[in-house]
Every structure is written in C-alpha cells, then in structure tokens.
Amino acid sequence: MKAVVYDKSNAPEVLVLREVEKPTPEADQVLIKIMAVSVNAADYRSMRYGIIPPHKIYGADVAGRIEAVGPEVKLFKVGDDVFGDILKWGSGGFAEYVAVPEIAVAQKPAAVPFESACTISMAGITALQGLRNLGKIQPGQKVLILGAGGGVGNFGVQLAKYFGAEVTAVCGPKNVEIVKSLGADRVLDYTSINFTDEKIKYDLILAVHGSYRLAQYRRALTPTGIMVMAGGALLQLFRQMAFGWLYSIGGQKMYLLKAEPNIKDLEFLIKLVEDGKLKTVVDRTYPLAETAEAMKYANHGHALGKVVVKVV
Ligand SMILES: NC(=O)c1ccc[n+]([C@@H]2O[C@H](COP(=O)([O-])OP(=O)(O)OC[C@H]3O[C@@H](n4cnc5c(N)ncnc54)[C@H](OP(=O)(O)O)[C@@H]3O)[C@@H](O)[C@H]2O)c1
C-alpha cells in the first residue's frame, strides 16, 4: 500500500510517499481503507519533538471503510464506514490502510462525507469535553472562545451555542465572517480588540489559542467562572500547570484540559453533524502525496478550521 512515512535520513523532506506492507488486522482489529484524514497539532508537534509513531506513519483523525475484520470483532462488519482518533493506537492515518482495535472507531452515517467525519474526532471532542465536562456549560451563560478560527475553536463556538450559551469568539481578521456564520453572538478580532480591556465578565472561557496571564483570565471571569485551557502558547500552558490550582482556590476555577477519545462523544458529535446542527469547516484539502505540504500548512497556525488529506 502507499503511505507517507517519516524518514529522517531523507531530510529536509522527512515525510516520504512509499510502498509499505499493508497491515493485517489482529483478532480484535478492523482493517480500515482510509478515505480521508485530518491534520492535528498532535501530528506536527509530535514530529517536531521527535515522537515517532510505531510504523513511522502520522495521521490520527481518520475516516474510512472497513475492509477486513479480525475473528473477535463484534461491533463492525466489512463495508461499514467508520471514523475516529487512532493516536492512542499508534496513528498510521497518512496511508491507504490502517489496522486498529474496533473500540477505536465509531460508525459513520452515510449522510456525512468522509472529509467531514475525519475533522471531528480530535477537535470536536476537545471542544465538547472542554465546554461540557470541565466547563459545566449551562444555557444562558456568557462564554468566551479564544482561538475561534481553528479546528477546536470552530467546534467550540457551535457547541457553546448548541448548549444555549451567549458566545463571544476571538479570532484573527480573516476569520471574523466565518466565525460569525458559525453562530457567535459577538466576534472580536484580536488584532484590534483585546478581550482583557473590556469590562465583560464570562461564566466560562475556553482558551484554545493565545497567550494571556492567568490573572487576566481571572479578571474576565465571574466570581464563580471557569477557565478551561485547551491549548495556546507554551508559556501560558506552563503558567496554568504551575499556578492554575492556586487560582482555583475560591469560587473561580482554572483547568488544563486533556481530551480523551470517547465513542459516546463521537456518536453525539456525528449525530449533530448529520442533523445539520454542527458544521465542519475545511480550509484546504491535499492528496496523500502532498501530506508534507498539508502538515506544513496546518503547522503555520492560521488555518481556518481543518486541513484534510484526502486519500481516496
Ligand atoms: N488539551 C487537549 O486535549 C487538546 C486536544 C486537541 C488540541 N489541543 C490544542 O488546541 C490548540 C488548537 O488546536 P486546533 O486544532 O484548533 O489548532 P488550529 O486549527 O491550528 O488553530 C489554528 C487557529 O488558531 C488561531 N490562532 C492562532 N494564534 C492565535 C492567537 N494568538 N489568538 C487567537 N487565535 C489564534 C488561528 O486563527 P486566526 O488565523 O484567526 O488567528 C487559527 O485559525 C493547539 O494548541 C492544540 O495543541 C489540545
């Protein structure tokens, strides 16, 4: 099969399209013919920091069709369409096939295209678990989404609206219109307005991007407000790890999110997409042979929504 393999000896082009052995599913595994895979920070950051998947193939957010099943597989049959986050199972999505445990993936409805389904697992789950699990989002709350132009932020805006919140979204100038179209009540262009200069207090802040001091978040929260940090500048993440607990003494809470793959959450999200209540936004689509370009483009940090590699 064709796969994009990490090969350091081929520097500077370390992602190389090669013929490699097609995987054979183990007893509890499904063999997925990959149709589309989206690029995530988990891919390009792992590569940057030298974390190499077992088969040297990145790509975790996959959607495809089951081509074979191991003898112990109970949940799926050949021909089923599935999607999921396979990072935990060694990635391998930038390829024509991947074999993963059946528990790694969820059923994809026919109405949702593969290119949409492959954008949901990481970014959608991060936004959902940040808002609902840690953020305890409630209808009528004032919610701020920082980094609303990217994959997680796009889902964050829409999910916060779905849960009945009043949403202020922060993004760069080129993304203002699309973020508005996703339902945000107010959109702040961070090049002209700093949310910390406003006097508005939020019940919940989902910090996906940006770099602010914890004290600035604190001042922008209501007395019982919650800040959930999903991503952003390294300095901000270190501050949260070191001092977040201190800022969480009292009514306000500051949490660092570690999103976990969860099949029920995937089913919840894909149903919203199927019902037209959640839109997936794809900035650019690349063929498998141009995976390195897709990774570069996503890594520049200003993609609108998701970057997708279409394998078939
Ligand atoms: N905690 C977890 O479990 C978890 C899980 C998944 C991802 N993450 C993290 O979440 C972060 C976002 O992931 P993603 O997939 O959404 O990334 P992404 O798609 O690459 O996000 C890109 C977007 O970020 C926006 N952005 C960049 N700098 C910004 C700034 N200073 N202020 C506001 N917006 C800014 C850009 O919008 P503009 O062009 O409009 O600036 C761009 O549209 C990453 O750091 C990732 O590692 C965390």
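Strands, in the naming used here, are DSSP runs of at least two residues in the E state, and they are numbered from the N terminus. With that in hand, the loop between β1 (2-6) and β2 (15-19) can be located, and Pro12 has its place in this loop. The model is a predicted one, and the peptide bond that leads from Ala11 to Pro12 in it is cis, with omega near 10°. Most peptide bonds, by contrast, are trans.

From this loop the view can widen to the whole chain, which holds 9 helices and 15 strands. For a chain of 312 residues a compact globule would be expected to have a radius of gyration near 20 Å, and because the chain has 20 Å, the two values agree. The C-alpha trace, followed along its principal axes, spans about 60 × 40 × 35 Å. Of the 312 residues, 49% count as buried. Among the contacts in the chain with a separation of 6 or more, 67% are accounted for by residues that lie 24 or more positions apart in the sequence.

The packing of helices comes next. Two packed helices are described by the angle between their axes and by the distance between those axes. Helix α3, which covers residues 121-134, packs against helix α4, residues 151-162, at an angle of about 50°, and the two axes are 8 Å apart. That angle makes α3 oblique to α4, and the crossing of the two helices is right-handed. On the α3 side the contact involves Ala123, Gly124, Thr126, Ala127, Leu128 and Leu131, which meet Gly151, Val152, Phe155, Gly156, Leu159 and Ala160 in α4. Sorted by character, the residues of this contact divide into 8 nonpolar and 4 polar, with no charged residue.

Helix α3 also meets helix α8 (residues 263-274), and here the axes come within 10 Å and cross at roughly 100°. This crossing makes α3 roughly perpendicular to α8. Ser121, Gly124, Ile125, Leu128 and Gln129 of α3 make the contact together with Asp265, Leu266 and Leu269 of α8. The residues of the contact between α3 and α8 divide into 4 nonpolar, 3 polar and 1 charged.

Beyond the helices, the loops hold further details of the backbone. Most residues other than glycine have a negative phi. Lys56, in the loop between α1 (41-48) and β4 (61-69), has a positive phi of about 65° although it is not a glycine. Lys56 counts as partly exposed, because 19 other C-beta atoms lie within 10 Å, whereas a residue is called buried if there are 20 or more. Lys136, which is found in the loop between α3 and β8 (142-146), likewise has a positive phi, near 50°, and is a residue other than glycine. With 13 C-beta neighbours inside 10 Å, Lys136 counts as partly exposed, since the term exposed is kept for residues with 12 or fewer.

A last stop is Ser192, whose place is in the loop between β10 (186-189) and β11 (202-207). Because Ser192 has 8 C-beta neighbours inside 10 Å, this residue counts as exposed. Ser192 and Pro173 are 19 residues apart in sequence, and their C-alpha atoms are 8.7 Å apart in space.

Methods
Residues are numbered from 1 along each chain as its sequence is written. This is a predicted model: local features need pLDDT of at least 70, side-chain atom pairs count only at pLDDT 80 or more; totals for chains, interfaces and linings use all residues. Helices (H or I, at least four residues) and strands (E, at least two) are DSSP runs, numbered from the N terminus. The radius of gyration is taken over C-alpha atoms; the globule rule is 2.2 Å times the number of residues to the power 0.38. Two residues are in contact if their C-beta atoms, placed from the backbone, lie within 7 Å. Axes are lines fitted to C-alpha atoms, for helices over the stretch in contact, and angles run from 0 to 180 degrees between N-to-C directions. Angles under 35 degrees count as roughly parallel, over 145 as roughly antiparallel, 65 to 115 as roughly perpendicular and the rest as oblique. A crossing is left-handed if the near helix is turned anticlockwise from the far one by less than a right angle, and right-handed if clockwise. Ala, Val, Leu, Ile, Met, Phe, Trp, Tyr, Cys and Pro count as nonpolar, Asp, Glu, Lys and Arg as charged, and the others, Gly among them, as polar.
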